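Below is a walk through one protein chain for a reader who has not seen it before. Keep the sequence and the structure at hand while reading.

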Amino acid sequence: GIRWINEGKHSGLKIFNGILKQGDARNNQDYLAGENMLRPDPERKKVLAKNSNRGFSNTEISGQKGVEIAGVTVEYHFPQTWGMRFDDAYGVYDIHHNVFLDKGNQMFDRHGAGGARSLGFSGLDKGKLNDRGNQLKVHHNLIKRTRQNAINVAQEVYSNEIYVDSWVVNSFAVQPSRENGLVYDNKIFLTGYYACGILWADRNLTVRDNFIHMESVRTMINPPNEGRRLIETWGEQDVLAGMRVTNYGKGGQERENLSYENNIILGRSRKGAEMRGTEFFSDYSVKNLAFKNNIVKVMATDTLTTNAACVDTQGAFNDRSTHLPLYYKNSELISNICNIRFGDEYGQGSNHQFINCTLTKVGDNPNYHTLVFDGGNSVFNHILLDCEFKNGAKYNDVYWRDTHSLSNYKIQWTLTLNTNPGAQVSILDKNGDAAFSGTVGSKGTLSLPLTQSIIRPVEWSPGGKEKPVEHKLLYQEEVLWPYTVRVEYNGKEKTKTFEMTQANQLNMLF
């Protein structure tokens, strides 16, 4: 392989063409960063902790700037290895038109600086220019297979073709830089044990025009603890997810200005495996996340598969009433099993808002429900605004699979009121509660969402104690229309009562 470790003032390293191929050594089981791996398990764990499980990579470059690598083919198979590893990188890196093939099917540990990655950057926080706005580009590469991660923490990742065949939890196709990341025009294919397409950032991430195709497989023989590719005895397994944002523990990690636009996510789940088109965590610290103009289609290929959905509204384990809104806009959600799953065992979020989305049912799977509430806790303040339900999908087709009585969602529609600029407007729902009060602006148009109804489990009662939902296919619907609008202008007044079961426009000019 190639190893360039130098803290001196060097730049302009270029590597073009050629093949770097790991040989038939003993698969680095005997040595891990100089330590013996074949010792009793407690001693082995100490070794892993001490050395962060680092193995040997085809290419290692440290402390350099101005690096370009193109036209190189990399083949590797060791348990803990990277195809290309860049430590303490700074300045411009341009990694393009390379081919990577991971032939391994074994890993000692997925954590730390080891793992098995096609290419990536480490130690950026200690380098001259860290990953909060780096100048690292990875593009037009073909990753024929990776058993764990493909590309990590480059600022600009585009026009790559990536195949993930996951052998461990959290096998990522693309992990963006922490700030100002651009991930676009990539083609990503996911299968295996626990693979995810595109991950999150701290702030200012743009993910657009990507194609993600997921095909689930069942790796477990006797769930939950036998037959896995890497034995871990916790949590959900055999999971595929197209796009993901996660806040761990009690939450509070800052994520801000994350944009996902014009992407296509397709998936087929089988044999009871779990599939999530998107899994975005809501939290009090997740701000301005928008999923816009996307197409997501998730299908179950058999009746054994029930934990699959186009969107899974996860969230941090804290006070869910503090969760800030996440927005899904102008997107198509197509499924034969579930269009929106409100939470699961991994996370349950509140205040996910769907605006001008189309929810479509396909096929005749007997387990299909448009909306499913899951995860064991109450989640609420979800909104579906100006959404269209097609081909058998229904706004009130809800399955309270595993949830509590405070769970709810609102069906809303946009009211557009045309009147005189400066007019005073008040709107009351059917109960006499104020829905709006204010002044019309200079354009003479007022546009606002009004609630058609709030849908809850039958176990809910005003001021009642929270309890598990037992009647999983029943619901109660609180209807808030008809509304009454009163408009005052220059001493004159107009009043009108109207329905709110679809987007509505009223003209009340003086």
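Which residue is the bridge partner of Glu-488 in β46? The partner is Glu-493. The model shown here is a predicted one, and this pair of residues is a convenient place to enter it.

The two residues belong to the pairing of β45 with β46, strands that run antiparallel and are joined by seven bridges. That pairing is part of an open sheet of four strands, arranged in the order β42-β41-β45-β46 and paired in the antiparallel sense. At its edges stand β42 (434–439) and β46 (492–498); each has a single partner strand, so one side of each has no neighbour in the sheet. From one strand to the next, the twist averages 10°.

Just before β45 there is a feature of the backbone to look at. Pro-482 sits in the loop between β44 (476–479) and β45 (483–489). The peptide bond that leads from Trp-481 to Pro-482 is cis, and its omega is near 10°. Most peptide bonds are trans, and most residues other than glycine have a negative phi.

Two further loops hold residues with a positive phi. One is His-140, with a phi of about 55° although the residue is not a glycine. His-140 is in the loop between β13 (135–139) and β14 (142–146), and its relative accessibility of 35% makes it partly exposed. The other is Asp-386, a residue other than glycine whose phi is near 55°. Asp-386 lies between β37 (382–385) and β38 (388–390), again in a loop. With a relative accessible area of 16%, Asp-386 is buried, because buried means under 20%.

Now step back to the chain as a whole. Its secondary structure consists of one helix and 47 strands. Of the 510 residues in the chain, 55% are buried. Among contacts with a separation of 6 or more, 76% are between residues 24 or more positions apart. The accessible surface of the chain is about 20900 Å², and carbon and sulfur atoms account for 48% of that area.

Strand β27 is a good example of a buried element. Seven of the seven residues in β27 (residues 274–280) are buried, so the strand is largely enclosed by the rest of the structure. Which strands pair with β27 in the parallel sense? One of them is β24, through six bridges, with Val-245 and Phe-280 as bridge partners. Another is β30 (residues 308–312), through four bridges; here Met-275 of β27 stands opposite Ala-308 in β30.

Met-275 also leads to a buried loop residue. Ser-216 touches Met-275, and its other contacts include Thr-191, Leu-240, Arg-268 and Arg-270. Ser-216 is in the loop between β23 (211–215) and β24 (239–245). Is Ser-216 buried or exposed? Its relative accessible area is 1%, so Ser-216 is buried. A polar atom of its side chain lies 2.7 Å from the backbone nitrogen of Arg-270.

Charged side chains add another set of links, with a count of 25 salt bridges. One of these joins the side chains of Lys-14 and Glu-68, at 3.1 Å from N to O. Lys-14 is in strand β2 (residues 14–16) and Glu-68 in strand β7 (residues 67–70), so the pair links distant parts of the chain, 54 residues apart. Glu-68 counts as buried, at 18% relative accessibility.

Other salt bridges return to β27 and β30. Arg-276 forms one with Asp-312, and the closest N and O atoms are 3.7 Å apart. This pair spans 36 residues, from Arg-276 in strand β27 to Asp-312 in strand β30. Arg-276 is buried at 0% relative accessibility, and Asp-312 is buried with a relative accessible area of 0%. Asp-312 has a further salt bridge with Arg-341, at 3.9 Å from N to O. Arg-341 lies in strand β33 (residues 338–342), 29 residues from Asp-312, and is buried with a relative accessible area of 4%. Through shared partners, salt bridges join Glu-274, Arg-276, Glu-279, Asp-312, Arg-341, Asp-344, Asp-374 and Arg-401 into one network.

Definitions and conventions:
Residues are numbered from 1 along each chain as its sequence is written. This is a predicted model: local features need pLDDT of at least 70, side-chain atom pairs count only at pLDDT 80 or more; totals for chains, interfaces and linings use all residues. Side-chain values use heavy atoms; hydrogens and water are left out. Buried means under 20% relative accessible area, exposed over 50%, partly exposed in between (1.4 Å probe, protein chains only). A polar contact is a pair of N or O atoms within 3.5 Å; within protein, one must be able to donate a hydrogen and the other to accept it, and residues adjacent in sequence count only if both atoms are side-chain atoms. Contact means heavy atoms within 4.5 Å. Two strands pair if DSSP finds at least two bridges between them. Axes are lines fitted to C-alpha atoms, for helices over the stretch in contact, and angles run from 0 to 180 degrees between N-to-C directions. Accessible areas come from the Shrake-Rupley method with a 1.4 Å probe; for residues, only the protein chains shown count as cover. A salt bridge is a side-chain nitrogen of Lys or Arg within 4 Å of a carboxyl oxygen of Asp or Glu. Lists of a residue's contacts leave out its neighbours within four places in sequence.
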